Amino acid sequence: MNILFLLGAILVTIGGICDLFGAIGLLKFPNFYVRLHAATIGTIGGAAIPLFGVALLALGTNIPHKHAIAGASLITGIITLLAAPAGATALAYAAHKTNAVEWKPKIDHLKEARK
Amino acid sequence: MKRLTGLLTILIITLGVAIYLAQNIIPPENLHPLGEYYLENSYFGEHSAKSPEVVTSILWDYRGVDTLFETAVFFLAIIGSLTIFRLNREQSEEAKQGEPKPQLPEPVVVVTKLTVAMILAVSASIALHGQLTPGGGFQGGSALAVAPLLVIAAYTKYALEKNGLDKTRAIIIRSIGLLGIALTALTPLLVSGYIMQNQPIFPGEALGVPLGGSLVLYNLFEYLAVGAGFTAVFLLLSIPEEKFKKFLGVRR
Amino acid sequence: MIELHLTILAITALIGLIASYLAITEKDLLKAVGYSAVQAIAYAIAFYLLMAPDIVLAYVAIAVGIYSALLIFIIGKTERYEVM
């Protein structure tokens, strides 16, 4: 049992748990912004981290083309890690700008900043 | 509810037809002889295009004139949209007036910068490796066109124009691409070949990399032309509607 | 192995069919553009399984990126909801 293989398996398992939590949060959370948080857990924790895990898994085994698989999943993971927060920020900003969400915030810094 | 009924009907019909057809299909025994010819000839054979990518060699060599006219259709479509949105000099100057500041919050803007750089690199590699790996001029060019789209979404079209990529330049780059394709197609006539001839006239490889003769030139020029053509259309489409209404004298 | 490929192919084709039906019947045109992008992704996977990577490269960029963006530009210039 290789240490890289073990680390990769742990990361993939964490990814599965994050996906489960993200799905539960999407169903249970009260308004759009908090649901967006759950969706981002699903993309970062449930897609980027397992991709890094797959890279480590591939390096830890003796399958053919293991470096190609590891590199491809590492790059895909990094791009997901970049794109998912940007997408979530843009969604939250658009929802705030159009007043599409019914919510009762204690403090709304973005609204104060815009005034 | 009505939508669901329609969807279910279509799904059941499709599945029924698919299951009925699946029992009656006999898979073909051997490859089509023409396909076999292409597979054997594209790199090794006597009528070789010196390219390991069979699809690109069919597109730009064996069936080159077909692709030439396909490209012509695409450019006619772009010329059509440019004609519909045509503006005179003062109007196009006025259309360029605007604030080039980011429309979206800081993280999105930073990620857009990184993503645009990555898209440029990937599209160039798709187009310029078109003779070695799957891909080619049109694929690379349409990937390239996503980059100005992202810039327009995250900043504004004015940011693109202030940095030097306005409609006129896009059209000039597109024309350079078209001219390059035409010249590459006509070059073999100079050495008494036929139109769009590839091998022995163009070099088969350079520095140990297979170039596929004229394929790499066609891919490069098509890449420029498609990317710049789409960019010109996007620049025109992203002019705000109020300005167009003012130009056209529409009151509402 | 071929059975697995064919099963994934059938599933992606069905997803594409469902998404295109929803896109046609949707009254909110922005949502319809979203469904059309889902259909494009499903078909891109189908093209990949049918071993046509050249088509995939062009299809993803055009159908998901450029086509959706063009439609959103047009919706921004006209109206968002389809009028019956």
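Select chain C to begin: read along the sequence, it follows the pattern α-α-α. Chain C has three helices and zero strands, where helices (H or I, at least four residues) and strands (E, at least two) are DSSP runs numbered from the N terminus. Before going on, note that this is a predicted model: local features need pLDDT of at least 70, side-chain atom pairs count only at pLDDT 80 or more, and totals for chains, interfaces and linings use all residues. Residues are numbered from 1 along each chain as its sequence is written, while chains are lettered from A and ligands numbered from 1 in the order in which they are written.

**Stop 1: chain C by itself**

Turn chain C around in the viewer: its C-alpha trace spans about 50 × 25 × 10 Å along its principal axes. Of its 84 residues, 21% count as buried. Here a residue is buried if 20 or more other C-beta atoms lie within 10 Å of its own, exposed if 12 or fewer, and partly exposed in between, with C-beta atoms placed from the backbone.

Now pick C:M51, in the loop between α2 (29–49) and α3 of chain C. Its phi is near 60°, a positive value in a residue other than glycine. With 10 C-beta neighbours inside 10 Å, C:M51 counts as exposed.

**Stop 2: where chain C meets chain B**

Show chain B as well. Of the two pairs of chains in contact, chains B and C share the most contacts; two residues are in contact if their C-beta atoms, placed from the backbone, lie within 7 Å. The contact takes 15 residues from chain C and 21 residues from chain B. On the chain C side, α1 (2–25) and α3 (53–77) each supply at least two residues, and α3(C) gives the most, with 11 residues. What kinds of residues make up the side of chain C that touches chain B? They divide into 11 nonpolar, two polar and two charged. In this count Ala, Val, Leu, Ile, Met, Phe, Trp, Tyr, Cys and Pro are nonpolar, Asp, Glu, Lys and Arg are charged, and the others, Gly among them, are polar.

**Stop 3: helix α6 of chain B**

Next, select residues 106–128 of chain B, which form α6(B). Among its buried residues are B:V108, B:V111, B:I119 and B:I126. What covers the buried residues of α6(B)? The cover includes α3 of chain A, α7 (137–144), α8 (146–154) and α11 (215–237) of chain B, together with α3 of chain C.

**Stop 4: across to chain A**

Add α3 (residues 66–97) of chain A: its axis and that of α6(B) come within 9 Å and cross at roughly 140°. Axes are lines fitted to C-alpha atoms, for helices over the stretch in contact, and angles run from 0 to 180 degrees between N-to-C directions. That makes α3(A) oblique to α6(B), since angles under 35 degrees count as roughly parallel, over 145 as roughly antiparallel, 65 to 115 as roughly perpendicular and the rest as oblique. To see the contact, highlight A:L82, A:A83, A:P85, A:A86, A:T89 and A:A90 of α3(A) with B:P107, B:V108, B:V111, B:L114 and B:T115 of α6(B). These residues divide into nine nonpolar, two polar and no charged.

Finish at A:H65, in the loop between α2 (32–60) and α3 of chain A. Phi of A:H65 is near 60°, a positive value in a residue other than glycine. A:H65 is exposed, with 10 other C-beta atoms within 10 Å.
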